[in-house]
Amino acid sequence: MKKLVELITLKGVHKKYKNGVTAIYDLDLKIKKGEFVFIIGGSGSGKSTLIKMLYREERPTMGEIIIGGKNVAKLRNSKVYKLRRRLGIVFQDYRLLPKLTVYENVAFALEAIGEKSSDIRIKTLKALELVGLKGKARNYPDELSGGEQQRVAIARAIVNNPKLLICDEPTGNLDPLMSEEIVNVLDDINKTMGTTVIMATHDRDIVNKFKKRVVALKAGRVMEDYEEGKYDNEAI
């Protein structure tokens, strides 16, 4: 069996906001390439802050956040865009451009980084096929269900083949059936592409069904870290 190597290492990470609230306390965490990790926790657990620090929406007060060998905590603001080009990020609210078609929404991510037109078409159609929406490439977002819109958002996030896919409550606006479909898509991407997936969620049923690694946060600290975990109320 191939030994997994670390993709993400957090060392002594501490986050205190200007209003005096401390969201993360001295947090250590390692995530290996190819893992699928659920980050769980209640309100005020630090879950959202942790996710935002991974894509440098927030900067830690202290500590190191090393992704692919680079300490993103020390990354200058002018270089953050380079980090995000190497990541895929999926949000709860889809963030699609309503006047663009499904194809155009996904292709836009490649156009923004100057990809060649021929490569854009190939990569965009491949990403849409991976999420099961190749047949709706010409549709507009308002013609799709919530679950389909989120799949478009996932296609946009993976179109440049990132090594890391960060998902911030991606099923938060969806019903249970659509939520399961979305996590099945993420699971397929993890297995077929080898993409590391980190998903923040409060969806107990999803966590318990998929049996992935679970990191439970409470009051800014890691309370439990299960290899094949469950949503444990006592931990959070």
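## A tour that starts at helix H5

Begin by selecting the buried residues of helix H5: what covers them includes strand E6 (87-90), helix H3 (102-111), helix H4 (117-130), strand E7 (164-168) and helix H6 (176-193). Before you go further, keep in mind that this is a predicted model.

**Stop 1: along H5**

Select residues 146-158, which make up H5. How many of its 13 residues are buried? The count is 12, so H5 is mostly covered. Click along the helix to find the buried ones, among them Gly147, Glu148, Arg151, Ile154 and Ile158. Now draw a distance from the first C-alpha of H5 to its last: the helix reaches 19 Å, close to the 18 Å expected at 1.5 Å a residue.

**Stop 2: zoom out to the chain**

Show the whole chain as a cartoon. You can look for seven helices and 10 strands. The radius of gyration is 18 Å, close to the 18 Å that the globule rule gives for 236 residues, so the chain is as compact as a globular protein of that length. Turn it around: along its principal axes the C-alpha trace spans about 45 × 45 × 40 Å.

Switch on a surface if your viewer has one. The chain exposes about 12200 Å², and carbon and sulfur atoms supply 48% of that area. Beneath the surface, buried residues account for 48% of the 236 residues. The fold also brings distant parts of the sequence together: among contacts between residues at least 6 apart in sequence, 68% join residues at least 24 apart.

**Stop 3: color the two domains**

Give one color to domain 1 (1-86 + 164-236) and another to domain 2 (96-161). Notice that domain 1 is written as two stretches of sequence, 1-86 and 164-236. The C-alpha centres of the two domains lie 24 Å apart. Where they meet, 11 residues of domain 1 are in contact with 14 residues of domain 2.

**Stop 4: into the core**

In soluble globular proteins, nonpolar side chains tend to be buried together. To see an example here, select Phe38, Ile154, Leu165, Leu186 and Met199, the residues with the most contacts inside the largest nonpolar core, which has 40 residues. Your first helix returns at this point: H5 gives the most to this core, with six residues. Where does the core lie in relation to domain 1 and domain 2? Both domains give residues to it, so it lies between them.

Center the view on Met199 next. Beyond its neighbours within four places in sequence, Met199 is in contact with ten residues you can pick out by name: Phe36, Val37, Phe38, Ile39, Cys167, Pro170, Thr171, Val183, Leu186 and Ile206. Apart from this core lies another one, of 31 residues, including Leu7, Ala23, Ile24 and Leu27.

**Stop 5: helix H6**

Select residues 176-193, helix H6. At 1.5 Å a residue, its 18 residues should span 26 Å, and its end C-alpha atoms are 25 Å apart, which agrees. Its buried residues are Ser179, Ile182, Val183, Val185, Leu186, Asp187, Ile189 and Asn190. Their cover includes strand E3 (36-40), H5, E7, strand E8 (196-200) and helix H7 (204-210).

**Stop 6: one residue inside, one outside**

Thr196 is found in strand E8. Is Thr196 buried or exposed? With a relative accessible area of 1%, Thr196 is buried. Not counting residues up to four places away in sequence, its contacts include Leu7, Ile31, Gly34, Leu165 and Asn190.

For a contrast, pick Glu227, in the segment after strand E10 (221-226). Glu227 is exposed, with a relative accessible area of 60%. Not counting residues up to four places away in sequence, Glu227 touches Glu35, Lys212 and Arg213. From C-alpha to C-alpha, Glu227 and Lys211 are 8.5 Å apart in space, although 16 residues separate them in sequence.

**Stop 7: two positive phi angles**

Stay with Lys211, in the loop between H7 and strand E9 (213-218). Its phi is near 55°, a positive value in a residue other than glycine. At 44% relative accessibility, Lys211 counts as partly exposed.

End at Tyr94, in the loop between E6 and H3. Tyr94 is not a glycine, yet it has a positive phi of about 70°. At 12% relative accessibility, Tyr94 counts as buried.

Notes. Residues numbered from 1 in each chain as written. Predicted model: local features only at pLDDT ≥ 70, side-chain atom pairs only at ≥ 80, totals over all residues. Heavy atoms only, no water. Core = buried A, V, L, I, M, F, W, Y, C linked by side-chain atoms within 4.5 Å. Buried < 20%, exposed > 50% of the residue type's maximum accessible area, 1.4 Å probe, protein only. Helix = DSSP H or I, 4+ residues; strand = E, 2+ residues; numbered from the N terminus. Domains from an automatic or database assignment. Contact = heavy atoms within 4.5 Å. Rg over C-alpha atoms; globule rule 2.2 N^0.38 Å. Areas by Shrake-Rupley, 256 points an atom, 1.4 Å probe, with all protein chains shown as cover. Expected span 1.5 Å × (residues − 1).
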